[in-house]
Amino acid sequence: MGSRPFTIAILAAGMGTRTRRSEPKVLLPLCGRPMLEWVLDAAARLEPDRIVVVLHHGKGAVEAALGERFREFDCLVVDQGEPKGTGHAVSRALDACEERSGGPIEGDLLVLYGDSPLITREALLDLRAALEESLDGNGSTPEASLLTCEPEDPAGLGRILRDDEGWFLGIREEKDCNEEELRIPEVNTGFCCFRIETLKRYLPLLSTKNEQGEYYLTDLFGLMVRDDRIVMPIVTEDPTEVMGVNRLDQLSQARWILQERIHWEHLDRGVLIEDPATTVIEHGVEIGEGTKILPFTVIRKGVRIGRNCEVGPFSHLRVGAVLEEGAEIGNFVEMKKSTLGPGAKAKHLTYLGDATIGGKTNVGAGTITANYDGRAKHRTEIGDGAFIGSGTIIVAPAKVGNGALTGAGALVTRNSEIPEGEVWVGIPARPHRKSGSEAGEGGKA
Ligand code: UD1
Ligand code: CA
């Protein structure tokens, strides 16, 4: 949709003082990715002609975290200089676009805020489509649109001013509101869209005569309405998708909303999540159909879980953890950069770091791969059909062959290679000579 050229500006130059954190607000984590990356993705999904990102505070850190994504979408990154308000940020964005394209740019500009990560594609499409709808039958279309909502708690947000008949008049920032205006339930979400030619005409009219001494982008709407230009406010039904994050309590609310969306996607694909309320699954996790995720489980980004696996309760899957089809992990099992082969099990009290575990292998209760020697990380390789006895410690690098077995409490020392089918026991673990002994008292998974 949309016949005119289309630019998206993402405003993210602010300091974010209300979060009381040292990192730039837009880098605060949400389900495994920085807040700004959610906004960038929402922007990219609309396939605009260009994306311009306005940065200043923490610019270096933001570029370090998201530089690759900026390049992927060919974003124009602009330094706003000392931020003087959202109106100033948009004007800097437009200037930078025109500089890059060597002349005036045309079409529409959609404005997104770097601190509003929950927006959906549908809501943005509506906002943009509003500029193409003829309202009065004479073919005149709105020159700007904005998204409004009535949240439970409007604190901190700009209020929508309307006349007695409900016609939109403009926006008043909370700090500039009088008592009566503060009681207005309808607020500005920040999402808005402009015809660029109108925007360019009105931006120079903004002033800093307000409580915060800033150029408010939000003042533009009132100025346009005063000149009888059509501004289209769209009321969204769902306040959760437009919520902004200014404080850490809002960050955790936003996280939960995204978390529910992620859960829903997995549930929809046949993953049974017994208790979503106690299950953390970050963005970018693959889980196969038929897999069960039991309560109190944390699955970080990039983890891959095959079909018909079982994870939890109380499991922790970190970066680079892979469970192949039918693998199972249980209580207090942590995995990092490790693969459990098809049908392998590690059901109790285990750390698998930098380890490869073959198919059908049983990792007994209390097994630890000691992957870190204080300087570097080393790998553990365990073959197929092996049996690791309860309480085994494997000091990496080490190898355990196919079908090999370690006795309960074995300490497999650094550089050990247990050959296929052998039984090793003791501290330090050594081949077990006697046959038919107690060597294999592993915890059955
Ligand atoms: C803004 C709106 C308010 C709306 C609310 C919704 C204005 C003036 N107010 O208020 O009506 O209800 O969002 O969440 O727009 N930024 C810059 N450069 C600047 C200033 C801000 O890039 O000079 C960026 C910030 O980094 C942030 C976004 O713009 O990502 C919004 O700025 P913020 O200061 O959070 O505005 P609010 O007070 O939340
Ligand atoms: Ca904000």
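Colleague: How far apart are the centres of domain 1 and domain 2?

Modeller: The centres, taken over C-alpha atoms, are separated by 45 Å. Domain 1 covers 6–242 and domain 2 covers 248–437, with bounds from an automatic or database domain assignment. The contact takes 13 residues from domain 1 and 12 residues from domain 2, where contact means heavy atoms within 4.5 Å.

Colleague: Anything I should know about the model itself?

Modeller: This is a predicted model, where local features need pLDDT of at least 70, side-chain atom pairs count only at pLDDT 80 or more, and totals for chains, interfaces and linings use all residues. Residues are numbered from 1 along each chain as its sequence is written, chains are lettered from A and ligands numbered from 1 in the order in which they are written, and side-chain values use heavy atoms, with hydrogens and water left out.

Colleague: OK, helices. How many residues does α3 have?

Modeller: Helix α3 has 16 residues, 86–101, and reaches 23 Å from its first C-alpha to its last, close to the 22 Å expected at 1.5 Å a residue. That expected span is 1.5 Å times one less than the number of residues. Helices (H or I, at least four residues) and strands (E, at least two) are DSSP runs, numbered from the N terminus.

Colleague: What do the buried residues of α3 pack against?

Modeller: They pack against β1 (6–12), β4 (50–55), β5 (76–79), β6 (108–113) and α6 (196–202). Among the buried ones are His88, Val90, Leu94 and Cys97. Buried means under 20% relative accessible area, exposed over 50%, partly exposed in between (1.4 Å probe, protein chains only).

Colleague: And what follows α3?

Modeller: Gly102, with a positive phi near 70°.

Colleague: Switching to histidines: is His263 buried or exposed?

Modeller: His263 is buried, because its relative accessible area is 3%. His263 is in helix α8 (residues 248–268). Leaving aside neighbours within four places in sequence, His263 is in contact with Trp256, Ile273, Pro276, Thr279 and Ile281.

Colleague: Where is Ala365?

Modeller: Ala365 is in the loop between β25 (362–363) and β26 (368–370). Ala365 counts as partly exposed because its relative accessibility is 22%.

Colleague: Which residues is Ala365 in contact with, leaving aside neighbours within four places in sequence?

Modeller: His348, Leu349, Thr350, Ser390 and Gly391. Leu349 also belongs to a nonpolar surface patch with Phe296, Phe314 and Phe332, with about 420 Å² of accessible area together.

Colleague: And where is Phe332 found?

Modeller: Phe332 is in strand β21 (residues 328–336).

Conventions:
Patch = residues over 30% accessible without salt bridge, like charges linked within 9 Å, V, L, I, M, F, W, Y side chains within 5 Å. Areas by Shrake-Rupley, 256 points an atom, 1.4 Å probe, with all protein chains shown as cover. Salt bridge = Lys/Arg side-chain N within 4 Å of Asp/Glu carboxyl O.
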